Structures are given as structure tokens and as C-alpha cells.
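User: Take me through the inside of this one, with a close look at the main core. I'd like to know what packs there, and then what lies around it.

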Amino acid sequence: MYEGVIQLDTLGMVLALMLAFVPLMVSQLLRLRLHGQLLVSVGRMVLQLFLLGLLLEYLLAANHWYLTAIWLLVMLGSAAQSLLQRAGVRLPGLAPMVLVVLAAALGSVVLWCLILVIRPEPWFDARYLITLGGMILGNAMNGSTIALERLHSSLTSNSGRLEYETWLSLGATRAQALMPFRRQAAKAAMLPTVNSTATMGLVHIPGMMTGQILGGSNPVTAIAYQGMIMLAILAGVALSAYLITWVTGRLLLGPDGLLRSTELEQKHG
């Protein structure tokens, strides 16, 4: 039943690409002016996936730990850069700390899944390490972006600065005064993943599970892996949101415990 996997031929891929005309038509009808962005996005996706396919074919065949480690470092660097650009936050020392946060979330969750849950031989098998790491890292990056932007914008606003300083004047420690802002930012970062986890299997069939089934896997096996993946993603998002709010909160404070001025942040950014 699961042996006859249908392969996508050239005609099928061309017809699949024609689906891109749907958002283009919507952009035209509503005058969204997204034509350029849509074409660039689709073009980049096709090129990047093609190159990724060639690279993964080589990495998975070679299965050398050092090649896998190099590729994971490239992914980490790219994710950190994308996070900083999308969040639009400039703080002295933030860039290396973002890299550390993503590495900590990725490393801890991936190692847990590989060593304790999946247990491949060897444990650094590229097929599991790269694919699992990519899914966890991508979601941790998205969650951290939301948490970073939300914490920074709330704390540096006039009302947020006043609230923070009011807590300090009432005798709260720095950590206690920062906690309401960290709580709101972390909640905003985690809610999309929490909601997606709650509706999985009922409202939608996840992409990884769909891909496995279309690729010929047993649905029960696909479901088991999808459940593990979602729990790993949820853990990665939660951990990265916790760490990024902790790091950002410390970087926003001066030696006196008060918030740095916006001018100082931009000067060092």
C-alpha cells in the first residue's frame, strides 16, 4: 500500500507553480502592490529549495558529523541575522546574545529528541539532525522575533518606561519590575504555536505529516513523528522566548538599573 509513491514530474511541477498566479491575481484585484514581492519570494523559494535539495543529498549521503555541524552553524547564523532584521531592534551586544539564545534552544531540544527519543545510530545522523534542527530553529526564530520586538517596544514606550520605574520606586527588584513585560512578550511569542498545537489533526493536517504520507510513510508512523516534532517545536519556542526576554531585559538596563535612553541604544546599535 505504501510502496507506490507518486513522483512529481516536470509537468506536475509547472502546474504547481501556476498556483502562484492566485496571490498575484488577488494582489491585482485588491491593488495590494505585492507583485514584485510575490515574484521574488516564489523565485527565491524555488532556487533555495533546489540548492537545498542538492546540498542535502550530499550531506545525507556523506553523513559526516563535521559537515553537519558546519551546516547547522550556517543555519544558526542565518536565523540570527533574520531575527535581528525582522525585529528591528538595535542594542549593544544583542547580536551575539541572539546567536547564543538560538543555539541554546536548538541544541538542548535537538539533543533531547535525538539521544533520548529517536535514538538513531549514530546519534548525529544528518537525516535526523538537519531536518529536526531546521524545524525547531525556524520556529524558535519566529517566536524569538515576536518576543524581542514586543518586549523592546513595550519597555521603551513612554508608558512602559513609566510603569517599570514605578515598580522600582515601590521597592521591586529589576527582575520583578521586568517580569510583567517579559510575561506579555513570551505569551505573544508562544500563543501561535500553542494554538497550532491545539488544533492539529482536527483543523489541519501538518505539513511534515502530509509530506511523509505523500512520500509513502505509514500514517501511524507519520502521526508519531508529527507529535514529537510539535512538542519539540513548542519546547524550542518556549525556551527561546524565555531566554530572549531575559537577555533583552538585561541589555535594556543601564548600570543604575534604569532603562537606557533610545538615543544611546541607536548610537550603539
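Analyst: Let's start with how much is tucked away: of the 269 residues in the chain, 33% are buried. Buried stands for under 20% relative accessible area, exposed for over 50%, and partly exposed for anything in between, using a 1.4 Å probe on protein chains only. A quick note before going on: this is a predicted model, where local features need pLDDT of at least 70 and side-chain atom pairs count only at pLDDT 80 or more, while totals for chains, interfaces and linings use all residues. Residues are numbered from 1 along each chain as its sequence is written, and side-chain values use heavy atoms, with hydrogens and water left out.

What is the chain built from? It has eleven helices and zero strands, and from the N terminus on, the elements run α-α-α-α-α-α-α-α-α-α-α. (Helices are DSSP runs of H or I with at least four residues, strands are E runs of at least two, and both are numbered from the N terminus.) Among contacts in the chain with a separation of 6 or more, 69% join residues 24 or more positions apart; a contact here is a pair of heavy atoms within 4.5 Å.

Now for the core itself. The largest nonpolar core has 50 residues, and the members touching the most others are Leu 102, Leu 132, Leu 155 and Tyr 164. A nonpolar core is a set of buried Ala, Val, Leu, Ile, Met, Phe, Trp, Tyr and Cys residues joined through side-chain atoms within 4.5 Å. Helices α4 (65–87), α5 (94–118), α6 (126–156), α8 (174–199) and α10 (219–252) each put at least two residues into this core.

Zoom in on Leu 102. Setting aside neighbours within four places in sequence, Leu 102 is in contact with Leu 76, Ala 79, Ala 80, Leu 83, Leu 137, Ala 140, Met 141 and Ser 144. Apart from the big core there is another one, of five residues, including Leu 59, Leu 67, Ala 126 and Ile 130.

Ser 144 is worth following from there. Ser 144 belongs to helix α6, and at a relative accessible area of 0% it is buried. Leaving out neighbours within four places in sequence, Ser 144 is in contact with Leu 83, Leu 102, Ser 240, Ala 241 and Ile 244.

For another link across the fold, look at Val 194 in helix α8. The C-alpha atoms of Val 194 and Leu 234 are 7.2 Å apart, although the two residues are 40 apart in sequence. Val 194 is partly exposed, with a relative accessible area of 35%. You can also find Arg 182, whose charged end sits over the ring of Tyr 242, 4.7 Å from the ring's centre. (That takes NZ of Lys or CZ of Arg within 6 Å of the ring centre and within 35 degrees of the ring normal.)

Helix α6 turns up again at the largest pocket. This pocket holds about 790 Å³ of space and is lined by 20 residues, with Gln 48, Leu 52, Trp 71, Met 75 and Ser 78 nearest its centre. A pocket is an open set of points on a 1 Å grid over the protein atoms alone, where a 1.4 Å probe fits and protein lies on both sides within 12 Å along at least five of seven lines; lining residues have an atom within 4 Å of a point. Points join across faces, edges and corners, and the volume is the space filled by probe spheres set on them. Helices α3 (35–62), α4 and α6 each give at least two lining residues, with the largest share, eight residues, coming from α6.

Finally, the aromatic pairs and the loops. There are two aromatic pairs. Trp 65 and Tyr 66 have ring centres 5.9 Å apart and planes at 90 degrees, so they sit edge-to-face. (Rings of Phe, Tyr and Trp, the last by its six-membered ring, pair with centres within 6.5 Å; planes under 30 degrees apart are stacked, over 60 edge-to-face, the rest tilted.) Trp 65 is exposed at 54%. Trp 123 and Phe 124 are edge-to-face too, at 5.7 Å and 85 degrees. Glu 121 and Pro 122 are joined by a cis peptide bond, with omega about -5 degrees, and Pro 122 lies in the loop between α5 and α6.
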